Amino acid sequence: PQHVVSVRNICEAYSTRVHISPSTVKSVAFIFGKYIEPEIGDLSAEDLTSAHFDALASKMAKDGASRQTTHRVLTRFAAAITHAETQGMVRRGMAPEVRSNVRRLFPYASIRRPDTPREYPTCPEFRKMVGSAEGMWRSLILMLGFTGCPLHVVRELTWEYVSLDRQCIQYNLKVFRGLRAKRIAFLPPIAIQALRDWRRVQNARSGHLVFPNSPGGEISGPALQAGFERVQLSAGILRDTTGKMPVEYAGPSAMYKIGSLRYFFMELQAETFEHTQFSLNSRRKSEASFRLSLKDYLKLIAAAEGAVFSASDLNQL
């Protein structure tokens, strides 16, 4: 008879794989031993269904585990299934099914506790930021606000991947197991004009970073946040800290983190253009090109600009 691979076998194989640090072994063994193996350890891996993932998530929530912990445990278990698939322990195609179950239970940006909603700028606040920013910061804020790209893209982006004529940027998105997927994101005319002005001031060649630090190297995350806070302070977008901080630290405080621009973009996309993808991977972009021309697509992006900026705002900027 064919050997039946249990969930416990998969957990053990993942914990003993090569190139794994002792601390990771200890962490993985604890996670699997506490949450996974007591519930479904003896189950055949081939019998796993979405109901088992629902039961696991419900059991952890009932036992008091946070959503972050539940997501971390299920994500690590999905990694174990992926490892088992690469080793031929389970059938091919099982790992994507497991990852889809984790995404179903924890869709993007929903891992945070329900009582702490995301904070992101409103359209009037976004217009104030753009109006107060200059040079690099204006183009950076516009790019983040209209593409929603991750911050690592801002730090790594070079001018060779910015096409001002086609109104788009190309970048690599970090995905599972260190792999990367190519993305193409289109920008509205106001963002393209800001990038064009910034490149003229920077006098940069194609291989230069678009948003460097003062010495010309890769800008750090804290430096991005500090610059974004300075823009908010100049725009008057402040957080009310009355009675919440010691007197010696009771100075003006910026309202938003720079990551909030990603959620501003998501809200803009969801409410205004729910049937339009602002950012597609290369394969889907090539498939969509048969149904939608570049000219038509850029019209949609220009419409997104009009949803945030009025004609008078654009003339003033």
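User: Let's start with F264. Is this residue buried or exposed?

Analyst: Happy to help! The label rests on relative accessible area, and anything under 20% counts as buried. In this predicted model, F264 has a relative accessible area of 3%, so F264 is buried.

User: What is the relative accessibility of F126, and how does F126 count?

Analyst: F126 comes out at 0% relative accessibility and therefore counts as buried.

User: How do I read the geometry of two aromatic rings?

Analyst: A pair of aromatic rings is described by two things, the distance of the centres and the angle of the planes. Now the case at hand: the ring centres of F126 and F264 lie 4.4 Å apart, with the planes at 15 degrees. Planes under 30 degrees apart count as stacked, so the pair of F126 and F264 is stacked.

User: Where do F126 and F264 lie in the chain?

Analyst: F126 belongs to helix α6, while F264 belongs to helix α11 (residues 260-272). The two parts are 138 residues apart in sequence, so this ring pair ties them together.

User: How many aromatic pairs are there in the structure?

Analyst: The structure has six aromatic pairs. Another of them joins F126 and F146, with 6.0 Å from centre to centre and 80 degrees between the planes, which is edge-to-face. Here too the pair links distant parts of the chain: F126 sits in helix α6 (residues 123-132) and F146 in helix α7 (residues 135-147), 20 residues apart. F146 has a relative accessible area of 1% and is therefore buried.

User: Which residues do ring pairs link into a cluster?

Analyst: The cluster consists of F126, F146, F264 and F309.

User: Let's stay with α6. At what angle do α6 and α10 pack?

Analyst: Helix α6 packs against helix α10 (residues 221-235) at about 100 degrees, and the axes are 9 Å apart. Angles of 65 to 115 degrees count as roughly perpendicular, so α6 is roughly perpendicular to α10.

User: Which residues make that contact?

Analyst: From α6 come K128, M129 and S132; from α10 come F228, V231, Q232, S234 and A235. Sorted by class, the contact of α6 with α10 has four nonpolar, three polar and one charged residues.

User: And the whole chain: how many helices and strands does the protein chain have?

Analyst: The protein chain has 14 helices and six strands. Of its 317 residues, 40% count as buried. Taking contacts between residues at least 6 apart in sequence, 65% join residues at least 24 apart. Finally, the chain exposes about 17700 Å², of which carbon and sulfur atoms supply 52%.

How values were computed
Residues numbered from 1 in each chain as written. Predicted model: local features only at pLDDT ≥ 70, side-chain atom pairs only at ≥ 80, totals over all residues. Heavy atoms only, no water. Phe/Tyr/Trp six-rings, centres within 6.5 Å; stacked < 30°, edge-to-face > 60°. Helix = DSSP H or I, 4+ residues; strand = E, 2+ residues; numbered from the N terminus. Buried < 20%, exposed > 50% of the residue type's maximum accessible area, 1.4 Å probe, protein only. Contact = heavy atoms within 4.5 Å. Areas by Shrake-Rupley, 256 points an atom, 1.4 Å probe, with all protein chains shown as cover. Axes fitted to C-alpha atoms, helices over the stretch in contact; angles between N-to-C directions. Parallel < 35°, antiparallel > 145°, perpendicular 65-115°, else oblique. Nonpolar A, V, L, I, M, F, W, Y, C, P; charged D, E, K, R; others polar.
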